[in-house]
Amino acid sequence: AGNLRWNAGVFSAENQNDILFVADNQAGYGYFKNFGKTRRRGLELGLSGELGKLNLGAQYTWLDATYQSAETVNGSSNSSNDAARAGNPGLDGTIGIRPGDHIPLIPRQILKLFAHYSVSPSFTLNGTVVAVSGSLARGNENNGHQPDGKYYLGPGRSAGYAIFNLGGNYRVTRQLQLLAQVNNVFDRQYSTAAQLGATGFDANGNFAARPLGGSGADGYPLRQSTFYAPGAPRQIWVGLRYVFD
């Protein structure tokens, strides 16, 4: 009605023989694997409108991505692997995925807000907010990792975050524009993903080849940790745009 616009949608999709990436027993390595069945379902809501010179909007997504078939994958860095349950933590092991377990690296909620203000016919300002909920780490496909502070470190997931961006546009002539943009205005430190893997370093950055001692036919136990993919820091750029007729 009038200047108000909205959209809403629901979806549900099941994939047969889905191809997903899983971690190997070396951090940073892995392979693609077929999974019998996966499902992604959710909803999307949007709302936008104009208040004089101000244009506002919001977009929200809720996504539930789950395995729908039983699977077995490497879980050497997962505290719930079969070796750890048998009393041998820190060694190679596997984990069992059950139907309904959530797929790693896929956040369940995403919220995007934007505002666009026309200071004058030639000068506009804009701002956006992107908020993303946390997601499970690769290696935590069974959603069962629990750190014990000795053999297994880190929560096995990345935390949620929110990023603020600001920009401006000044039209010098019909063809020439001046642009400026600041992304991650508050220089927020955040991570976009996580993965479980072995580490030879302690909290002080000291390396130890056999941090947990021990020996046996199965090898030496290793300290397992949660590794993070850092998000982009504050970025500032300016530019010119010229449109040829």
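The predicted model holds 1 cavity of 30 Å³ or more. A cavity here is a set of points, on a 1 Å grid over the protein atoms alone, where a 1.4 Å probe fits but cannot get out. Grid points are joined across faces, edges and corners, and a volume is the space filled by probe spheres set on the points. The largest cavity has a volume of about 50 Å³. Its lining consists of A23, D24, N74, G75, S76, S77, N78, G139 and L196. Lining residues have an atom within 4 Å of a point. By class, 2 are nonpolar, 6 polar and 1 charged. In this scheme Asp, Glu, Lys and Arg count as charged; Ala, Val, Leu, Ile, Met, Phe, Trp, Tyr, Cys and Pro count as nonpolar; the others, Gly among them, are polar.

This is a predicted model: local features need pLDDT of at least 70, side-chain atom pairs count only at pLDDT 80 or more, and totals for chains, interfaces and linings use all residues. Residues are numbered from 1 along each chain as its sequence is written, and side-chain values use heavy atoms, with hydrogens and water left out.

Next, the core. The largest nonpolar core has 9 residues: L20, V22, F35, A65, Y67, V73, I95, I97 and I103. β1 (5–23), β3 and β5 (94–97) each supply at least two of these residues. Such a core is a set of buried Ala, Val, Leu, Ile, Met, Phe, Trp, Tyr and Cys residues joined through side-chain atoms within 4.5 Å. Buried means under 20% relative accessible area, exposed over 50%, and partly exposed in between (1.4 Å probe, protein chains only).

S69 sits in the loop between β3 (54–67) and β4 (71–74). Strands are DSSP runs (E, at least two residues), numbered from the N terminus. S69 is buried, at 15% relative accessible area. Its side chain reaches the backbone nitrogen of G36 at 3.4 Å. A polar atom of that side chain also lies 3.1 Å from the backbone nitrogen of K37. Beyond four places in sequence, S69 touches F35, G36, K37, I97 and P99, where contact means heavy atoms within 4.5 Å.

Two asparagines have a positive phi:

| Residue | Phi | Loop | Relative accessible area |
|---|---|---|---|
| N143 | about 60 degrees | β8 (135–136) to β9 (157–158) | 27%, partly exposed |
| N184 | near 55 degrees | β11 (176–183) to β12 (191–199) | 3%, buried |

Most residues other than glycine have a negative phi.

Definitions and conventions:
Helix = DSSP H or I, 4+ residues; strand = E, 2+ residues; numbered from the N terminus. Polar contact = N/O pair within 3.5 Å; in protein donor to acceptor, adjacent residues only side chain to side chain. 1 Å grid on protein atoms, 1.4 Å probe; cavity = no way out; pocket = protein on both sides within 12 Å on 5 of 7 lines; lining within 4 Å.
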